[in-house]
Structure formats: structure tokens, C-alpha cells
Amino acid sequence: MPSTVVHAGFALLLAAGLLKDAYDRKALAVVLLIVVLPEIDTLLGPVMPGAHRTVGHNFVVPAAAAVFLYYDTRIRETSLLRERVADRGVKIAWVALFVHFFAHVFLDWAHLEGVNALWPLHDRFFRLEGELLWSSSEGFVQTFVDIDLDPETGERAVDPGAGGTTGTVHVNNPVEPGTSAELADEEVIDRRFPIANRGWRLYLVLVGVFTVVARRFQRDPPETE
């Protein structure tokens, strides 16, 4: 699965492109903090089965945060957030939320068992897996969402990549490198903290770091009279 370092590398790329006038060390620190925060759910594993990829990896929390941000900054007469951090802070908050979803939750959605997307409203893991293409013989083809039509009843069955629940799904992590039954037979527990276990993931980390460094050395063009 993508490591925290890979998530951070992707977050740096997105932050560099979205922050614009609000781009500085403090803004990057906020974005990086938000993007690594979901991994805290690994610490809940020993007391809550299936906590990893559930508590901090779902669509409900960022959706609720987006609704709150929109209401507070666009609808309310007086924005609590804007009063405390001004317009710059509001912009950073929106970017951090966007990065949290696309640089962390979305990436994990497409790997291993996916994420418990609708938790706590619905306990079911979903994985984004498939392909999208146009074929000269078959036309438009997509396999991300499986749609079956019962020829007898005409009923449609839609499967968006559903998997197991918190009771049946375990995603290995440094805190729980295996299920309790698997670890019981191990004399030495190997806890691995991944950095980049695929070439493209290392590439993403390096490009993210390069982008941040390159932006620091950029200068505004001289003003012409």
C-alpha cells in the first residue's frame, strides 16, 4: 500500500499547485499534518478490529468537513474560521481538505482492500479497481462498477467494488503486521515501516520534494517599465 511518505510526496505536489499566494512553510506544515493524520487509526487496531482504513479513511469525515467549511465561510454572516485565520487560513483549510482526500484516502481506495468509504454510516469496504477504455470492437468499456442484469427478472445488481466489513477485513500495518491468529505463531514479529515499495511511488515522493525545492528557488520576473 502507499506509505505515509508517498502520501506526503503527493500532498506536496498538490499543495504547490493549489496554495498560490498562501504558499509558505506554515501552510505546507498544515497540509502535511492533515494528510498524515488518517494513519492514526492504526493505533486503534488493538482495541477495534478493522480500525485501519476505517476511522481515518472514509468519505464521510471529509464530506462533513466540506459542508462545515462551506457553511461557515460562504453562508454564515460571520465566519468563525475567517475571524481567526483570515482569508489566507480559509484557503489553506480548503486545500488541506482537498489534499486529505485525493492524496491519502483516494490513493488507499485503490489499493489492497480499499477503504471503509461510508463508515460510520455503513460498515463496508470498497476498492477502486478496474479499467476505463474505448475499444474499436466493443466501444466504451468500464469495469470499475460491475453492473449485472438478471435476464429473467430484469433487475440490475450494481457492485462498486464492495468487500468485507471491519469484522472480516484486516490491512497489515506497522502496529498490526498481521491478525492476532497469524502473529500468535510468530517467534519474531517483523514490523515494517514502508517508504516506497514500488518504483512509481518512489518517483512520486521525489517529484514532490523536487517541486517544493524548485518553488523556493523561483523568482518573480523583473518588472518592466
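## Close-up views of a predicted protein chain

**View 1. The whole chain, and how far its contacts reach.** Among contacts in the protein chain with a separation of 6 or more, 59% link residues that sit 24 or more positions apart. Keep in mind that this is a predicted model. The chain is built from 6 helices and 4 strands, and reading along the sequence you meet them in the pattern α-α-α-α-β-β-β-β-α-α. The C-alpha atoms fill a box of roughly 75 × 55 × 45 Å along the principal axes. How many of the 225 residues, as a percentage, count as buried? The share is 34%.

**View 2. The largest nonpolar core.** Now let us look at where nonpolar residues gather. The largest nonpolar core has 17 residues, and Ala11, Leu19, Val31, Val99 and Ala103 touch the most other members. Helix H1 (4–18), helix H2 (25–36) and helix H4 (80–109) are the elements that each give two or more residues to this core. Val31 makes a good place to stop and explore. Which residues does Val31 contact once its neighbours within four places in sequence are left aside? They are Ala11, Ala15, Val95, Ala96 and Val99.

**View 3. His7 in helix H1.** Next, find His7, which belongs to helix H1. Is His7 buried or exposed? His7 counts as buried because its relative accessibility is 0%, and the cut-off for buried is under 20%. Leaving out residues up to four places away in sequence, His7 touches Pro2, Val35, Glu39, Ala103, His104, Leu107 and Asp108. One of these contacts, Ala103, also appeared in View 2 among the core residues that touch the most other members.

**View 4. A hairpin of two strands.** Strand E1 (residues 132–135) and strand E2 (residues 139–142) run antiparallel to each other and pair over 4 bridges. What joins E1 to E2? A hairpin does, passing through 3 residues. You can follow the pairing residue by residue: Leu133 stands opposite Val141 in E2, and Trp134 has Phe140 in E2 as its bridge partner. While you trace the strands, here is a handy rule: in a regular strand, side chains alternate between the two faces of the sheet.

**View 5. The cavity and its lining.** The structure holds 1 cavity of 30 Å³ or more, and the largest cavity encloses about 40 Å³ of space. Which residues line the largest cavity? Look for Gly50, Ala51, His52, Val169, His170, Val171, Asn173 and Glu176. Sorted by class, this lining has 3 nonpolar, 4 polar and 1 charged residues.

**View 6. Thr179 in a loop.** Our last stop is Thr179, in the loop between strand E4 (156–159) and helix H5 (180–184). With a relative accessible area of 29%, Thr179 is partly exposed, because that value falls between the cut-offs of under 20% for buried and over 50% for exposed. Pro49 makes an interesting partner to look for: Thr179 and Pro49 are 130 residues apart in sequence, yet their C-alpha atoms are 9.4 Å apart in space.

Notes
Residues numbered from 1 in each chain as written. Predicted model: local features only at pLDDT ≥ 70, side-chain atom pairs only at ≥ 80, totals over all residues. Heavy atoms only, no water. 1 Å grid on protein atoms, 1.4 Å probe; cavity = no way out; pocket = protein on both sides within 12 Å on 5 of 7 lines; lining within 4 Å. Points joined across faces, edges and corners; volume = space filled by probe spheres on them. Nonpolar A, V, L, I, M, F, W, Y, C, P; charged D, E, K, R; others polar. Core = buried A, V, L, I, M, F, W, Y, C linked by side-chain atoms within 4.5 Å. Buried < 20%, exposed > 50% of the residue type's maximum accessible area, 1.4 Å probe, protein only. Contact = heavy atoms within 4.5 Å. Pairing = 2+ DSSP bridges.
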